Amino acid sequence: MADTIVNSSAGNGNTAVSGSGLLEFEKPLARIEQEIAQLEAQQQTTGRDLSEPIGELRNLLRGMTREIYTKLTAWETVQVARHPRRPIISDYLRFMVKDFVELHGDRTFGDDKAMVCGFGRIAGHKVMLVGHNKGKDTKEKIACHFGCAHPEGYRKSLLKMKLAEKFNLPIVCLIDTQGAYPGIGAEERGISQAIAVNLLEMSRLKCPIVCVVIGEGGSGGALGIGVGDRMALLQHSFYSVISPEGCAAILFKTGEQARRAAESLHLTANELLKLQIIDDIIPEPLGGAHRRPDETIQAVDQYLAKTLRELKRVRIDTLLKRRYNRLRTVGSFFESANKPATPPRIRKPKAQGADRLADAASVDGASKHRRSPAPVAAVESV
Amino acid sequence: MPLQPAPIEKKTDIPEGVWLRCEGCGEMLYTREFEEMLRVCKVCHHHHRLDARTRIKQLVDEGTFEEFLADLVSTDPLQFTDRIPYKERLQQIQEQSGEKEAILVGKAYIKGRGVILGVMNPAFIMASMGAVVGEKVTTAAERAVEDNLPLVLVTASGGARMQEGMVSLVQMAKTSAALAKLDDAGGLYITVLTDPTTAGVAASFAMLGDVIISEPKAMVGFAGPRVIANTIKAELPDGFQTAEFLLERGFIDRIVERKELRSEIARLIDYCGK
Ligand SMILES: [Zn+2]
């Protein structure tokens, strides 16, 4: 699941982040930025008016940034989502959440610092906030396992979400993780069970739930706090069943193919919106969240303000019906093979009759739940 | 998420009257006797993996399995290609296994008790979960509610089906939501974990049973052992991620030998009233 626990922000060869936090494909921008800085310095020391060439360079910079960022490849998007200066949960806590009251206790094992929970106010709404914490400095990153949560983290989050349900507070989940922590302790303490229970319980919690991927949406570790009434992605974040590196290692037999795997997995916000896996995309400032953290956080704040207002107006039983319908129909990419390419080989003569018994009732049951444009062919019972 | 590349499964059908080698201890076993032992080694009790049809034949009252949604196939939403296109991979495995997908669901009787039954097929792309598996499990849960019958799922899976990307991941949420409905309706849900039950399937419907039983020594876990070993830079302890490991730590209820599964399931159904 979390195939690589490497700190992607450490600047290894794959992520291509230089010491200055510069991504490989951003280097042309850096050169112009450098030129502007030089001219500005010159202007100051010599007193000569260089505002004209500086202005021209600024325009050029804006144009190039737009050009690069409007056609980011999937692999470049992954790098932007993992950028070391991309705002993480602590930034949102500082600039978006008022009066945050952190709640640490899972009541069972211990405090998982990879998962942050607590009461807070977002755009005037009292909420329960739940989110992954990747950590800012090295010490914090190690303490919170770079945002990879253990079972106790998921159990803590569920306990706090149930608290929110009890007092009728909406839940906001900020997702940012490579995946759940792959370790002995995590397995010993039932990471599978912890995530599974979160999925089941979140589907029926009697309060609004809004989920936003603010950086990395890594597989089951992300989904473990990612079931709700709305699913949004920040524009340059991604959500994937497996990391591109992990997928490449398994399917293409080499980690070098991560670029290709990233494209194949359809993990960007635009692709996921097309597949109707997510509901909304929150736009990022030009040049990515790491260039303007304040504007990014403001965009998330605005999205949450609007969405919470909408969801709080819906009666709870209606909300739950819609939530179930959403979960029931998402990812329904199947069809009936009414004309099988190859006649099914009958292995057990006795099972022959049962083999052909396509149950008409259940087939209908499935079809009525389909999302409208989902590519599902008409089901024909045998 | 899946633990390993989809291997081309070797056929599990064994012609009668020949000897075969136990995958557990290497002992030569007489095939007919091996079949009579439900493909469990008489020497070391190794429970060999079963394709779904064989499992159903072993588990249900003869001829009572009525399959539903037998026809569903993936539409390849990502147009995925690795070494070969996903569509081609599916076709190959469909021809090889004679099955359309990695799970069979239907209504059946076990010792006279009606159940909705789902059986995963490790011979089909390691029974990885894509949209079809998700839909079949979900429908099975809904049918259990409608027909007021217990739901029994026999799990085996390498996890999510990578070739369906996020479409496969969301099946975890979809199936879990349907199981919440079954729970709300007061239905009984029994999971039978078999070798291997891992990753996205472990972290969704496999671990949500009211009663969770497992075959002996089945591998059950979330992250791949190689991934964990890489992370911690150390050897993994003996018996790590086995049914016995989970039983000791309180995550499953019983380990049941294959020959006892039918009576065990019937017994549980009788206790839970439906
Ligand atoms: Zn043996």
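**View 1. Chain A meets chain B in this predicted model.** Start with the contact between the two chains: 75 residues of chain A touch 82 residues of chain B. Together the two chains bury about 6,900 Å², and carbon and sulfur atoms supply 66% of that area. On the side of the interface that belongs to chain A, you will find 41 nonpolar, 17 polar and 17 charged residues.

**View 2. Salt bridges and polar contacts join chain A to chain B.** How many salt bridges are there between chain A and chain B? The count is five. One to look for links the side chains of B:Asp183 and A:Arg204, with a distance of 2.9 Å from N to O. Polar contacts appear here as well: 19 residue pairs make them across the interface of chain A and chain B, with both partners at pLDDT 80 or more. Which helix of chain A gives the most residues to the side that touches chain B? That is helix α8, residues 191-202, with eight residues.

**View 3. A strand of chain A pairs with a strand of chain B.** Here, strand β9 of chain A (residues 334-336) sits beside strand β4 of chain B (residues 72-74). The two strands pair in the antiparallel sense, over three bridges. To find your way along the pairing, look for A:Phe334, whose bridge partner in β4 of chain B is B:Ser74.

**View 4. Chain B is assigned two domains.** Now turn to chain B on its own. Domain 1 covers residues 16-48 and domain 2 covers residues 49-271. Their contact takes six residues from domain 1 and ten residues from domain 2. The C-alpha centres of these two domains of chain B lie 24 Å apart. Between them, the domains bury about 760 Å², and 50% of this area is on carbon and sulfur atoms.

**View 5. One salt bridge crosses between the domains of chain B.** Which side chains meet in a salt bridge at 3.8 Å, N to O? They are those of B:Arg39 and B:Asp51. The interface of the two domains also holds six residue pairs in polar contact, both residues of each pair being at pLDDT 80 or more. The side of domain 1 that touches domain 2 is made of two nonpolar residues, three polar residues and one charged residue. For a wider count, a search of the whole structure finds 44 salt bridges over all chains. B:Arg39 and B:Asp51 both lie in the loop between α1 (31-36) and α2 (52-59) of chain B, so their pair ties together parts that are twelve residues apart in sequence.

**View 6. A cis peptide bond in chain B.** Look at the peptide bond that joins B:Asp195 and B:Pro196: this bond is cis, with omega at about -10 degrees. Where does B:Pro196 lie? You can find B:Pro196 in strand β8 of chain B, which spans residues 189-198.

**View 7. A positive phi in chain A.** The residue to find here is A:Asn168, which has a positive phi of about 60 degrees although it is not a glycine. A:Asn168 is in the loop between α6 (151-166) and β4 (171-177) of chain A.

How values were computed
Residues numbered from 1 in each chain as written. Chains lettered and ligands numbered in written order. Predicted model: local features only at pLDDT ≥ 70, side-chain atom pairs only at ≥ 80, totals over all residues. Heavy atoms only, no water. Domains from an automatic or database assignment. Contact = heavy atoms within 4.5 Å. Buried area = accessible area lost by both parts, 1.4 Å probe. Salt bridge = Lys/Arg side-chain N within 4 Å of Asp/Glu carboxyl O. Polar contact = N/O pair within 3.5 Å; in protein donor to acceptor, adjacent residues only side chain to side chain. Nonpolar A, V, L, I, M, F, W, Y, C, P; charged D, E, K, R; others polar. Helix = DSSP H or I, 4+ residues; strand = E, 2+ residues; numbered from the N terminus. Pairing = 2+ DSSP bridges.
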